[in-house]
Amino acid sequence: MMSGIKTFNLLQHWWILSSGRCLLLRPTVKICQILTVHVQAGSFHRFQRNSHSTSGNIVDNGSDSMQYVVSMVLVKEKSLKIVETVGAFQKLPMVMPSADILSSALRKARNVTATKGIANIAKRERNKGAKQLDALMKELAVPLRVYIEKFPKKWNLHPYERSLIQLTFGDGSYEEVLKRVDDMRKILLSVGKQHASLCAQSLSKREAGERFTEGLKKLEEVFKLHQNSVDDLLNVAKTLRAMPVVDLQIPTLCLVGAPNVGKSSLVRILSTGKPEVCNYPFTTRGILMGHIVINFERFQVTDTPGLLRRHDDDRNNLEKLTLAALEHLPTAILYVHDLTGECGTSPDDQFTIYKNIKERFGNHLWVDVVSKSDLLQEPVDTNLEDENDDVRRYKAFGPEEALWVSVKTEAGISELKSRVKDLLISQMDRIRGGSCNHGECQG
Ligand SMILES: Nc1nc2c(ncn2[C@@H]2O[C@H](COP(=O)(O)OP(=O)(O)O)[C@@H](O)[C@H]2O)c(=O)[nH]1
Ligand SMILES: [Mg+2]
């Protein structure tokens, strides 16, 4: 929440300054917040010095601390609306290459004539020059304004699309490109206005001609200096438009597990159609974000190389994509476990990853699968229950109720197909029942 951020800033001030108590009240009135702070007597002055944007009064409440009531009128709060649709990238405006904007603007400006009926040559010349410079400025600046208006602000995007922007361009780059284009627009307006005005004040035909040429040169120069911002925006639009499209109304099966555990092999065997492989711009590896057909029903599927045992900050973009899909899309999870020890991630590490994912996304519809059963011994029913040894039980059986399957012998596959189909149909019910927002499905 926007107000949360404001509050956080205030609290930062306070934490530095005081060991006293802080109470934050959030009234329903959105533009106003009241922060009540008990400040130790000695630290009050520093607090006051650091709080330029606050006003208030001291109330001596008779104890060794003073109560300082800060009434703040905050900048208009933008309430973050929850965006429930995707598809913004397909609606992006077509950005013209910068060279085309410039040549088209120059051509249009050249066709502008002086206002009719001005008999005096000098007046006519300066009128024409000023009008042409004004037209050139507008022809250059207006398309940029349209782009800025039509490119969605990040907070207006569905969180999954926001994640895709983040993964593709990195932190803040999308906004930075838009800002550069807006800055360029402002400079063009300022330079254009200044030179059109100079031209309009010319005293002779020659002076008007010179000032016009000077203005034209300056506008062209400024445009060329910044034109790569427009071309960068064009590339941003191209990249985003080419992203795989997801449909929030169709259930998505998300394959999760460590790399090489057999996820893609399962997708292939589960699907009667050929799964489509789409490309995300942040990786050269083919990622499956396509459709599968199970028993004549069409579902979406995402399959990435897999999650490793590491902290979220250290994850690569493909791992982050899996997490973003789980977090923001109404997905059902097919979690694949390889207990053979051959996939490169030990069963111990797989257990750690599994626990973490289950903790975070346990509210999703879920099926656990132990893969490559052809390579595994029948588990012996030892006394693990008594030992209460989760890891050892996991290593022998996989998670509770996991289905043992083999792509090689097709053992367990028909049962898996029917479990996955039931899972996706339940997912469809959740979507239709409206209990799925951004992947947070309440079961
Ligand atoms: N023996 C055996 N090998 C399998 C089975 N499933 C997958 N594999 C092998 O395991 C390796 C990794 O499989 P893949 O589907 O690419 O794993 P992913 O990285 O999780 O998508 C490949 O060499 C597969 O042939 C299985 O049921 N039995
Ligand atoms: Mg794979």
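Where in the chain is Lys 372 found?

1. Lys 372 lies in the loop that runs between β9 (366-370) and α11 (384-387). The model is a predicted one, and in it the phi of Lys 372 is near 55 degrees, a positive value in a residue other than glycine. Most residues other than glycine have a negative phi, which is the reason for starting this note with a backbone angle. Lys 372 is buried, because 23 other C-beta atoms lie within 10 Å and the cut-off for a buried residue is 20 or more.

2. Asn 260 also deserves a look, since its phi is positive at about 65 degrees although Asn 260 is not a glycine. Its place is in the loop between β5 and α8 (263-270). Here the surroundings can be stated as follows: Asn 260 has 17 C-beta neighbours inside 10 Å and therefore counts as partly exposed.

3. For the overall make-up, the chain contains 13 helices and 12 strands. It has 443 residues, of which 32% count as buried. Among the contacts in the chain with a separation of 6 or more, 73% are accounted for by residues that are 24 or more positions apart.

4. Turning to the sheet, 6 strands form an open arrangement with mixed pairing, and their order is β6-β7-β5-β8-β9-β10. The edges are taken by β6 (288-294) and β10 (403-404), each of which pairs on one side only. As general background, strands of a sheet pair through backbone hydrogen bonds, either parallel or antiparallel.

5. Both kinds of pairing can be followed at strand β7 (residues 297-303), which runs antiparallel to β6 and is joined to β6 by 7 bridges. On the other pairing, 4 bridges join β7 to strand β5 (residues 252-256), and these two strands run parallel. Individual partners can be checked in the coordinates: Val 293 stands opposite Arg 298 in β7, Ile 294 stands opposite Glu 297 in β7, and the bridge partner of Leu 255 in β7 is Asp 303. Strand β7 is mostly covered, with 5 of its 7 residues buried.

6. The connection between β6 and β7 is a hairpin with 2 residues between the strands, and Asn 295 in the turn has a positive phi of about 45 degrees.

7. Among the helix contacts, α4 (residues 121-150) and α7 have axes that come within 9 Å and cross at roughly 5 degrees. The two helices are therefore roughly parallel to each other, given that angles under 35 degrees are counted in this way. The residues of this contact divide into 13 nonpolar, 4 polar and 4 charged. Those on the α4 side include Leu 133, Leu 136, Met 137 and Leu 140, while those on the α7 side include Phe 212, Leu 216, Leu 219 and Phe 223.

8. Helix α7 (residues 205-241) also meets helix α3 (residues 98-110), where the axes come within 8 Å and cross at roughly 130 degrees. That angle makes α3 oblique to α7. The residues of this contact divide into 4 nonpolar, 2 polar and 1 charged. From α3 the participants are Ser 98, Ile 101 and Leu 102, and from α7 they are Phe 223, Gln 227, Val 230 and Asp 231. Phe 223 of α7 is thus named in the contact with α3 and in the contact with α4.

9. Around ligand 1 there are 16 residues, the closest being Gly 262, Lys 263, Ser 264, Ser 265 and Val 407. The residues of this shell divide into 5 nonpolar, 7 polar and 4 charged.

10. Finally, Asn 356 is found in helix α10 (residues 347-361). With 14 C-beta neighbours inside 10 Å, Asn 356 counts as partly exposed. Asn 356 and Arg 309 are separated by 47 residues in sequence, and their C-alpha atoms are 9.5 Å apart in space.

Notes
Residues numbered from 1 in each chain as written. Chains lettered and ligands numbered in written order. Predicted model: local features only at pLDDT ≥ 70, side-chain atom pairs only at ≥ 80, totals over all residues. Pairing = 2+ DSSP bridges. Near = placed C-beta within 6 Å. Nonpolar A, V, L, I, M, F, W, Y, C, P; charged D, E, K, R; others polar. Axes fitted to C-alpha atoms, helices over the stretch in contact; angles between N-to-C directions. Parallel < 35°, antiparallel > 145°, perpendicular 65-115°, else oblique. Contact = placed C-beta atoms within 7 Å. Buried ≥ 20, exposed ≤ 12 C-beta atoms within 10 Å, placed from the backbone.
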